[in-house]
Amino acid sequence: MWCTVNAVIIGMFISSVIDGHKPTFSCNRPIFCSTASWNTLGITFANQTISGQNPLAVFVDANNWVYVVNQNTKQVLIWHNDSIDPTQVIPNSVYNSWSIFVTGTGDIYIAYNHLYRAVDKWISGTNASVVVLNTTAFCFGLFVDTNDTLYCSQTKNHTVVKRWLNDDKMTINIVAGTGVNGSAPNQLDYPQGIFVDVNFDLYVADCYNHRIQWFPLGQSTATTIAGQGSTENNITLYFPTGILLDAENYIFILEPGNGRIIRTGPNGYRCIIGCDGPGSLANQLSRPSTFSFDNYGNIFVSDQNNHRIQKFVFMTKSCDYTTTYPLTTDVQQVTPLFFTPTCPNSSNIGIDCKLPGTSCAILNPCLNDGTCDNINDVPWYSCLCPPGFNGTRCQFDHRLCKNGTCFNNGTCAGASTCICAPGWQGRRCETKINYCINVTCQNNGICRPLLLNYSCECLSSSFSGRHCEITATKIVIYKTVSKSVSYIAILAMITVAAFVIIMDILKYCFGIDPTREELERIRREKRAKKRKPVVQRFVYVNAPSIRVSQPKEQSNRINDTRV
């Protein structure tokens with residue numbers, strides 16, 4: 001089915017292109033006409049059984065996924081693409097959380113407001129979280145702007161702080177409030193909901209001052225644009241807690257004190273939801289705390305005291321072609337860029353008068369194969385969008401299966417479910433299956449996961465095989481020889497030890513000393529060697545006598561020896 005979407009005026013579109021600015025949409029900032037209205041009978045999107053008691057936080061991301069914080073189960077519940085029941089649950093992820101914010105990349109920011117005061121980021125596609133902000137007081141409101149700057153409204157500190165997420169030092173700066181509650185232009189009193197537009201201007205729901213404060217970029221002094229102290233309107237607010245801006249920078253205010261939602265427009269403020277006062281009926285709210293747009297313009301509200309999440313459907317028929325803005329003098333300012341001197345056929349333009357002068361031909365505004373339809377020859381158009389697309393130019397892609405939804409040749413099966421190709425897993429088939437989990441490589445080998453397989457990298461060329469279980473021949477020989485030498489050495493040691501033990505047993509237990517005789521022989525030989533030798537003198541008979549004077553005793557001793 002093709003859907004018809006009203007157009008933005010040509011003059012505004014041309015002016016934005018000439019100024020170098022393109023329409024920027026973030027946090028689901030739909031375009032509404034001045035007479036836009038919503039079905040005042042809300043639909044209970046999630047009752048107490050699902051959302052728990054006193055649900056505080058609800059958020060709808062750019063994919064129309066709805067996030068609800070269940071305080072009782074400490075879970076974040078996620079609905080994908082208009083599903084009836086939650087299709088995903090993040091367990092044990094919250095505690096007393098008043099605010100949740102989801103970026104375009106799918107990262108989820110959650111404020112913890114108990115003893116552990118911090119903001120955690122749950123990384124898209126994983127079950128892991130990291131602390132991105134440590135605070136001294138709990139955060140009621142969270143916001144991440146297009147410059148990756150995280151904002152936190154510290155209610156009990158009466159300030160709004162920010163931190164650039166790419167700063168590793170986690171530097172925190174105060175951007176609004178003085179730290180002391182008050183009603184001066186630079187003060188806040190229990191600030192709650194916050195919003196940062198494309199110009200990085202900060203809007204704060206200054207709850208206990210019953211007003212909405214606007215802090216232009218770089219300024220600490222605010223202008224009161226609604227509520228108590230405002231000079232531009234006479235609207236009275238009662239404890240506002242939420243603020244949203246649409247694509248035209250018109251403001252939507254959530255007012256728990258009166259149980260209603262009001263919006264600004266060309267004709268000032270008007271109530272759009274809960275206009276009959278607080279209550280529990282379908283057209284009533286009771287102390288709502290947060291709200292969020294989906295990209296169709298529907299409004300989701302955490303109806304706290306009624307223990308439910310309400311959805312208020314945007315009435316598309318409330319905006320027809322008669323409510324769009326006529327072509328203004330803005331087009332006259334850009335006429336020289338598009339129109340040449342008068343052509344004979346007034347419906348054509350161009351140097352040769354061959355180009356159609358219709359809005360569709362000049363702007364070619366419809367994206368994603370949308371069909372442009374000129375409305376009754378007046379200077380505005382309508383885009384007929386193919387299934388899955390909407391927006392004034394068919395710029396919003398709501399298809400369940402988009403290009404790039406599933407990675408690595410995965411097949412989209414709808415509702416952001418991917419059927420992964422073999423070897424891949426994960427929500428979007430982004431993770432390669434690790435086949436090494438239950439594999440052990442032997443001999444200190446290292447397992448390397450491959451697509452649909454694994455490989456064991458062996459320590460050296462000495463090992464091979466699927467699991468490095470095969471040992472090279474030279475290593476086997478080395479091991480065998482080493483073992484043999486070891487065995488021989490051990491056997492020799494055992495033999496010597498046994499011999500010594502046996503000899504000791506024979507000697508000391510049985511008195512048998514096999515070495516006694518040998519020891520005695522050795523001792524005798526040693527004693528014999530120690531004796532003094534006998535000196536004998538031989539005298540030869542008939543030898544010539546040599547007269548030598550000798551002592552008498554010696555001479556007698558010699559004479560007694562005769563041969």
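I started with the record: the unreviewed UniProt entry annotates residues 485-506 as a "transmembrane region". What I have open is a predicted model, and I wanted to see how that stretch is folded there.

How much of residues 485-506 is helix, and how much is strand? I got 100% helix and 0% strand. The C-alpha atoms at the two ends of this stretch lie 32 Å apart.

**Entry: the helix and its patch**

Next I went looking at helix 5, which takes in residues 473-508. Val 481 is found in this helix. Is Val 481 buried, partly exposed or exposed? Its relative accessibility is 47%, so I put Val 481 down as partly exposed; the partly exposed class lies between 20% and 50%.

Which residues join Val 481 in a nonpolar surface patch? I noted Ile 477, Tyr 478 and Val 485 as its companions, and the patch comes to about 410 Å². I also noticed that the annotation from the record begins at residue 485.

**Entry: a sheet of four**

Then I turned to a sheet. I found 4 strands in an open sheet, ordered 3-26-25-24, with antiparallel pairing. Why is one side of strand 3 and of strand 24 left without a neighbour in the sheet? Strand 3 (43-46) and strand 24 (288-293) stand at the edges, and each has a single partner strand, so one side of each stays free of a neighbour there. On average, neighbouring strands of this sheet are turned by 30° against each other, ignoring direction.

I looked closer at one edge. Strand 24 is joined to strand 25 (residues 299-303) by 4 bridges, and the two run antiparallel. Which residue of strand 25 is the bridge partner of Ser 292? I traced that one to Phe 300.

**Entry: two asparagines with positive phi**

Last, I checked backbone angles. Most residues other than glycine have a negative phi, so I jotted down two that go the other way.

Asn 64 has a phi near 65°, a positive value. I located Asn 64 in the loop between strand 4 (58-60) and strand 5 (66-70). Its relative accessibility is 6%, so Asn 64 counts as buried; the cut-off for buried is under 20%.

Asn 408 also isn't a glycine, and its phi is positive at about 55°. I found Asn 408 in the loop between strand 33 (396-397) and strand 34 (411-412). Is Asn 408 buried or partly exposed? With a relative accessible area of 31%, Asn 408 is partly exposed, whereas Asn 64 is buried.

Definitions and conventions: Residues are numbered from 1 along each chain as its sequence is written. This is a predicted model: local features need pLDDT of at least 70, side-chain atom pairs count only at pLDDT 80 or more; totals for chains, interfaces and linings use all residues. Side-chain values use heavy atoms; hydrogens and water are left out. Two strands pair if DSSP finds at least two bridges between them. Axes are lines fitted to C-alpha atoms, for helices over the stretch in contact, and angles run from 0 to 180 degrees between N-to-C directions. Patches are made of residues with over 30% relative accessible area and no salt bridge: like charges are joined within 9 Å, nonpolar side chains (Val, Leu, Ile, Met, Phe, Trp, Tyr) within 5 Å. Accessible areas come from the Shrake-Rupley method with a 1.4 Å probe; for residues, only the protein chains shown count as cover. A salt bridge is a side-chain nitrogen of Lys or Arg within 4 Å of a carboxyl oxygen of Asp or Glu. Buried means under 20% relative accessible area, exposed over 50%, partly exposed in between (1.4 Å probe, protein chains only). UniProt positions are given in the numbering used here, feature names are shortened, and annotations may be inferred rather than shown by experiment.
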